[in-house]
Amino acid sequence: MIKIAVLGYGIVGSGVVHVLDINSGIIAKNAEQKIEVKYILDIREFADSPYKDLFVSDFETILNDPEISVVAEVIGGVGAALDFTRRSLEAGKSVVTSNKELVAEHGSQLLKLAKEKNVNYLFEASVGGGIPVIRPLTQCMNANIINEIYGILNGTTNYILTDMQRNGADFSDALKEAQLKGYAEADPTADIEGHDTNRKICILSSLAFGRHVYPSQVPTEGITGVTAEDIIHADNLGYKIKLLGRARSVGDKISVYVAPHLIAKSTMLADIDDVMNAVIIRGNAVGTVSLCGAGAGKLPTASAVVADIIDAVRHLHSRRWISWDEGGANLISDPSLLDSAWYLRTDATKEKVEKEFGSVVFSQVPASQTAFITGVMNGKMICDLLERGITAKSQFRILGDY
Ligand code: HSE
């Protein structure tokens, strides 16, 4: 029997306790021993909860209990979560988490600390919710040089864009709908401004390329600039609009960014709708690997956290191989140098567009504005062209092999 503590009893924390309870038999079999939740840390009271006797409000109780060897941190954020994670690792307890902000900001130092203490810091749930991503990337594909990793990494924005595509909703109505359905938070900033996707692509790139990519190094554009008109033009041109996090090796550097893209309707990624996520990984030996599934939600996320708990229990005295080195400015290549075809929407006439951009593909939807797809050029070239009297109302990359 192994005893664990769960820090935080929000959506994910309550899901973790629930999955450990309802699947206790299979979990004990896979962990080769029973796993019991001894403590749940939360400052709130849950008097009606069947687990009410497990609640504690003082982290010291958990920290000072030698029976606790694995801690699940599902508080979120980088305040108390960072403090409790550090102190748990220092005390020789393994930590598992779904906290992408903490891993994206402090992953390299927490992994280093875990290594020093010969314990594990595991975070399968931090990217893609219930989709297995971290282990496929760090174990199944570790005979590969990774050339590129990208994906639809945020369920809320994918839900909003799907609603706009299917029902012609404009952005603010689709956001309200997502909030009503419980997908978007009351404050949806982290999702719609792309910060959540930013953190997830930071974690994926750090794992794929072996050095820490920090959120502040990643140019990030969310979906607030995507209009119903853009969705209609994209549809007419054969595309859907999706928010992507993307990292690509460029020589000995990597180019990482978050932005809306036009995705050809004929590709698998275009069919990843609603709150589903997908991650595409390109390795030099394996080729292209696609992973998709439920990227958010209580039980899918809890499923990944509990899998990490089982892994930590099975490796109490040995390390799982997950780590990366410190990052630095010399790691990052400017993403605006990446080539792409582009979708543009502008007030300029077709004649003016053709004069500056040469041969382009126009959307045939009758509209007051002109929408078109350019030839292949990098972001700096497009800025230079736009300085010749064309104002872009929207400017998105077309995903493709360039
Ligand atoms: N807010 C996130 C999303 C939750 O919508 O994908 C899962 O990380």
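This section describes the ligand site and the strand arrangement of a predicted model.

The ligand occupies the largest pocket. Its surroundings comprise Lys100, Asn154, Gly155, Thr156, Asp191, Asp196, Lys200, Gly295 and Ala296. By class, this shell holds 4 charged, 4 polar and 1 nonpolar residues. Two elements, α7 (155-167) and α10 (195-209), each give two or more residues to the shell.

Polar contacts were examined next. Gly155 contributes through its backbone: an N or O atom there lies 2.7 Å from an oxygen atom of the ligand. Thr156 uses its side chain instead, with an N or O atom 2.6 Å from a ligand oxygen atom. Lys200 also places a polar side-chain atom by the ligand, at 2.7 Å from an oxygen atom. The ligand exposes 260 Å² when taken alone, and the protein buries 82% of that area. Gly155 and Thr156 fall within the residue range of α7 (155-167). Lys200 falls within that of α10 (195-209).

The strands were considered separately. An open sheet is formed by 6 strands. Their order is β3-β2-β1-β4-β5-β6, and the pairing is parallel. The edges are taken by β3 (55-56) and β6 (121-122). Each of these has a single partner strand, so one of its sides has no neighbour in the sheet. In general, the strands of a sheet pair through backbone hydrogen bonds, in either a parallel or an antiparallel sense.

Within this sheet, β4 spans residues 68-73 and β5 spans residues 94-97. The two strands pair in the parallel sense over 4 bridges. One residue pair illustrates the register: Val71 has Val95, in β5, as its bridge partner.

In summary, the ligand sits in the largest pocket, with 82% of its exposed area buried by the protein. The sheet is open, with parallel pairing.

Notes:
Residues numbered from 1 in each chain as written. Predicted model: local features only at pLDDT ≥ 70, side-chain atom pairs only at ≥ 80, totals over all residues. Heavy atoms only, no water. Near = heavy atom within 4 Å. Polar contact = N/O pair within 3.5 Å; in protein donor to acceptor, adjacent residues only side chain to side chain. Areas by Shrake-Rupley, 256 points an atom, 1.4 Å probe, with all protein chains shown as cover. 1 Å grid on protein atoms, 1.4 Å probe; cavity = no way out; pocket = protein on both sides within 12 Å on 5 of 7 lines; lining within 4 Å. Sits in = over half its atoms within 2 Å of the grid points. Nonpolar A, V, L, I, M, F, W, Y, C, P; charged D, E, K, R; others polar. Pairing = 2+ DSSP bridges.
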